[in-house]
Amino acid sequence: MDEQYTVLVADDEKVIRDGCSLILQPEGYRVATAANGQEALELLRTEPVNVVLCDLKMPVMDALQVLEEAGNHYPEVPIIIITGHGTVANAVECMKKGAYDFVTKPFRVDHLTLVVKRALEKQRLERQTRELREEQARNLYTLATEQSRVHTIINCMADGVLVTNRDLEVVLANPALMQLLGLSTPLLQPAPLAAYLDDNSLKEAFHTLLSNPEQDNVRYISQELTIDRIHLRALSAPFYGPDLQVLGVVTVFHDITGFKELDELKNDFVRMVSHELRGPLAAIKMQHTVMLDGLAGDLTNKQRELLTRAQAKLQGLLDLINELLDVARMEAGHCPLEQVPLPLGEILVELVELLKTKAANQQIMLQLAIPPDLPLIPADRRSMEEVFMNLLCNAINYSPNGGEVKVSAVSQGDYLEVRVSDTGIGIEPEDIPKIFDKFYRAKHPQTRQVIGTGLGLAIVKNLIEAHRGSIRVESQPGVGTTFRVFLPAVSRGQDVDHA
Ligand code: ADP
């Protein structure tokens, strides 16, 4: 026995009390004794009693009275009635009043120990059941408070929250969302998504998240939506059931109208200033060209040198202005793309031809590996020229003299992959996530030697994404860099139509 149990024997006959002690103590029980019911109740009050063996008939207070008192104050303690043969009927009466069992005098050793053991087992089971019930009640209480807390948080959030199930029905929409959408009366739930928001890009995002079995593949989708002149950033994430099946999508809507208006103002300002600067700068450059061509009279060597240097600076300024205008145009969405089936291979050949002299000046070997049967891509010619001109110029600019720059293209299923690799200075791992940000330039001593704005790759990424493509970069400092561009190809059927 791990725990020592106490059995209280209440009997007016000393011989019974002693007999019970003799039987139970060797079994590991502690035995407390009382000569009548009152003493028994006193012991119950002061000692940790587990089971009571109680004689039916005792002076001062008999078993029935003990049962009543103990039942009120110590309901968890089982009481076994000790009775003679003639009074079994009374013992049964006691059981109706709550006694656990009875033993008849003279009792057998094994019978007594068995009844006590069973009473203890019953007590243990009852305690366990009670504890489980209490724990369950506590859990239910915690759950209820937790639910009400979560409910309060969601209802008080300044951002809109929308929860949809697998059938794209809305199961939760918080007050902030109702206000953003201009809805006043709560709709019955679940309600169709269209009753709240009829936006195809949002629906597409939900379908992507719901149909994605690999839970790690798409963690969330971020998009911008415009609803009645309100600009919203919507961040949607799937939520999973215990079997890791996607159960639905939670979307948080943040009002970005204020930021958008500021951005618009900034873009207007950049566009206006750039336009105002571009005209006079182009005119000054033209006048320099006239002088350098000798059309305004002979120049001394010194004058020629100064004008050539000024010419290079002017070109740098014009490049910066053109790039700023491109970015402003793209961000304002004023970037009409005329997408026609394009032979990208031919464009790459032309660009490499154009850059031959620049590469040769740096003793850089320019290589081209374009297979003849490349599929066409639906794209805007000017954009593609800008993308690959930027990547190729960077590859040459950020390579030391004597390096190698290679352009290759392969067809990859529905996509065309173009790689622009160099054996240049490379990019440090911590710079890689930032190089596509506007104005970001890696802090490398060799980067400083190259005149640049830090806008080229931002434009490249924007243009590629506008063509539903993507760009990746792999680089090793001191070894070289490879930019991989993926662009959707025209499917063979379409190809024939356009040919
Ligand atoms: P810019 O070349 O005008 O600085 P980009 O946006 O084209 O701006 O490039 C951003 C930065 O990325 C560059 O400043 C440079 O640090 C890094 N970078 C781009 N291409 C390469 C390359 N091929 N090799 C090494 N670094 C590069």
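Reader: Why is Gly 258 called partly exposed?

Author: Gly 258 has a relative accessible area of 44%. Buried means under 20% and exposed over 50%, with partly exposed in between (1.4 Å probe, protein chains only). Gly 258 is therefore partly exposed. This is a predicted model, in which local features need pLDDT of at least 70, side-chain atom pairs count only at pLDDT 80 or more, and totals for chains, interfaces and linings use all residues. Residues are numbered from 1 along each chain as its sequence is written, and side-chain values use heavy atoms, without hydrogens and water.

Reader: In which helix does Gly 258 lie?

Author: Gly 258 belongs to helix α8, residues 257–292. A helix is a DSSP run of H or I with at least four residues, numbered from the N terminus.

Reader: What makes the pair formed by Asn 394 and the ligand a polar contact?

Author: A polar contact is a pair of N or O atoms within 3.5 Å. A polar side-chain atom of Asn 394 is 2.8 Å from a ligand oxygen atom, so the pair meets the limit. For Arg 441, the distance from a side-chain N or O atom to an oxygen atom of the ligand is 2.5 Å. Leu 457 places a backbone N or O atom 2.8 Å from an oxygen atom of the ligand.

Reader: Which kinds of residue make up the shell around the ligand?

Author: The shell has 10 nonpolar, eight polar and two charged residues. Asp, Glu, Lys and Arg count as charged; Ala, Val, Leu, Ile, Met, Phe, Trp, Tyr, Cys and Pro as nonpolar; and the others, Gly among them, as polar.

Methods. Helix = DSSP H or I, 4+ residues; strand = E, 2+ residues; numbered from the N terminus. Polar contact = N/O pair within 3.5 Å; in protein donor to acceptor, adjacent residues only side chain to side chain.
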